Amino acid sequence: MRFLHLLMLASLLWLTGCATTGTPSETTTPTEPAAHTPLYPSGPLSPIATGAAGSMAVAGIDAPSDLWDRIRRGFAMPDLLGEQVADREQWYASRPDYMQRMTERSRKYLFHIVEELERRGMPTELALLPYIESAFNPQAVSSAKAAGMWQFMPATGTYFDLKQNAFRDDRRDVLASTRAALDYLQKLYGMFGDWHLALAAYNWGEGSVARAIAKNEKQGLGTTYPELNMPAETRMYVPKLQAVKNIVANPERFGADLPLIENHPYFQSVEITRDIDVSLVASLAGIREEDFRALNPSLHRPVILAAGMPQILLPWDNAQVFRRNLQAHSEGQYASWTVWSVPTNMSVSAAAQRAGMSEADLRQINGIPPRMMIKAGSALMVPRAATTRQDVSSHLADNGQIAFTPEVVTRRTTVRAGKRGETVASIAKRYKVSAADVADWNDVKTSSRFKAGEAVVMYLPVRLASTSLARTSSKQPAAKAGSRKAAKGGTAVRTATAAPRAAGKTRVRSR
C-alpha cells in the first residue's frame, strides 16, 4: 500500500514539472529578442544543378596561365560604355599589325608593372596605360616634350624625383618611371576618389580636372568623367584605355592575336659598383647593345656612371652570365670615358683640343649643336686616360648638365685712341671685351696706355662692325668709314678683312 502511495506522488511531481517547462503564456515577455527570423521558400525544394553551382563567384586557386590571364584577374575599375569606346575598339581591332608591335614591345616591361600594381593593390587595367601613352616605347617624346613609356613632362618628372641630366633621363627608366607613374596615379585617385577622374587628371592635369568639377558643381551638374567638359584628347583618353582593356579581356571577340607573355620576370636588376662602358656590359652579358639599351633606355652616353646609376637591368638568363664574366674580367679598365667639368666658356674646337679628341667626336658624343659654344661648368663626356683610377663623383653623375651659348663671329678691326690717349682698360670697357684680350691682341700689358690717335687692334662682333658701317652715308666711299666718330670718346672704328694675326687663336666669343 505504501509503495502505491509513493508511486502516485512521483507521478504527480513529474506532471507538474512538464507543465512549468512548456511554452510561455501570451502574457510572458521574453528577456532577449530572437537572433533572426528564418525564411522558408514558398514552393517545393529542388536540388542545386551543376551549372548553378559553377556560376558562383569563387576564386580559382590555379596560377594564371600567362600574364594576360593574370592581368584579367586583376581588373577592378568600373567599365566605361558608349560610342567613343566602340569607336576605339574598332580602331585598334582594324590595325592588327599595330597591336602586334605594341604588345611585342611590352613583353619586356609588362611583368614588372603588373607586379608593382598588385603590390600596391591597384587595378591591373593600369598596366595597359602605356599602350595609350607611348605604345610602350620608352624612347617616345611628345610634341610637348613629354618622354618615356609613361610620358612625363620635365617639371612633373622633377617633382617625382626623376633625374634629367647630361647622362641619363629617368623619365625613360623602366623602374624609376613606373614607380613615379604609380605614385602619381595613387595621388590622383586619393584626390578624386574615382579612377576615371584620376586618369583624366593624369592626361589633363589635376588642376584642370578640379576646376571642371567645381564648374559643374556650381551649375548643379554631375561630376563624373562623362559629364565634365574637357579637351578632345582627354575626352578620348579613358575610352582608349577601355577599348584596349576590352580587347585584352576578350581577344577572340575582336579577332586579336595577343602574343604569349609568360607569367615570369623578363629582367633582373644587377648592381654596378664601377663606371663601366655600355659596350663592355653588353659583351660580358652576351647580348646585343641595342637589347641592353631597350632595358636601360634612360642612358644618354656610352658609359654607365655607377654613382648615379648603381643598378642596371639585364635579361633574366643573362644577368648571371654578366656577373660571372665581370668577376673574371681583368683586361684594362671598365670605363673608357669620364666626365670633364669645363672651366670656362669654350669653343667646341678648343674643348676638343683640351680633351684630346676630334671636334666631330666631341659634338657627337655630347650632342653639341652647330654654332654653339660650351658654357663654363658644363659636364662633358671625354676619353678616360689609362692612368685614371677615380670614377665620376655622385654630384656630377646626378647633377651634370651641358649648357650652350651662341657663337658670335668676330672680325679684325682697328680703332683709334682718343685725342688724349686711352688705356687698355678704357678701350676694353668701351667695346665690352676683356682688358686681357685687348692687351693680347696688341702685344702690350693690361696696364699699358695708347697714344692719342694710335691704332688699336680689336676683334669685334660682326654685328657691331656692321652697325658702325651702316651709320656711314651711302654716298660716302667705304674707305672713309674710319672718319666716323664713335658715340663715346670720339674713338674711330675701321674694319679690315685681314685674318687674325696669330694662327690658331680663337676669334669666336660668347654673348
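This report describes two buried polar residues and one helix crossing in a predicted model.

Thr234 is located in helix α12, which spans residues 232-235, and because its relative accessibility is 2%, under the 20% limit, it counts as buried. Leaving out residues up to four places away in sequence, Thr234 touches Ala200, Asn203, Trp204 and Tyr225, and with the side chain of Asn203 the side chain of Thr234 also forms a polar contact at 2.7 Å.

Asn203 appears again in the packing of helix α10 (residues 195-204) against helix α13 (residues 237-249). The axes of these two helices come within 9 Å and cross at roughly 120°, and the crossing is right-handed. From α10, His196, Leu199, Tyr202 and Asn203 meet Tyr237, Val238 and Leu241 of α13. Sorted by type, the residues of this contact comprise five nonpolar, two polar and no charged.

Asn165 lies in the loop between α8 (154-159) and α9 (174-192), and with a relative accessible area of 5% this residue is likewise buried. Its contacts, apart from neighbours within four places in sequence, are with His300, Ala397, Asp398, Asn399, Gly400 and Gln401. The side chain of Asn165 has polar partners in the backbone, namely the nitrogen of Arg168 and the oxygen of Asp398.

The polar distances of the two buried residues are listed here.

| Side chain | Partner | Distance |
|---|---|---|
| Thr234 | Asn203 side chain | 2.7 Å |
| Asn165 | Arg168 backbone nitrogen | 2.9 Å |
| Asn165 | Asp398 backbone oxygen | 3.0 Å |

Terms used
Residues numbered from 1 in each chain as written. Predicted model: local features only at pLDDT ≥ 70, side-chain atom pairs only at ≥ 80, totals over all residues. Heavy atoms only, no water. Helix = DSSP H or I, 4+ residues; strand = E, 2+ residues; numbered from the N terminus. Buried < 20%, exposed > 50% of the residue type's maximum accessible area, 1.4 Å probe, protein only. Polar contact = N/O pair within 3.5 Å; in protein donor to acceptor, adjacent residues only side chain to side chain. Contact = heavy atoms within 4.5 Å. Axes fitted to C-alpha atoms, helices over the stretch in contact; angles between N-to-C directions. Left-handed = near helix turned anticlockwise from the far one by under 90°. Nonpolar A, V, L, I, M, F, W, Y, C, P; charged D, E, K, R; others polar.
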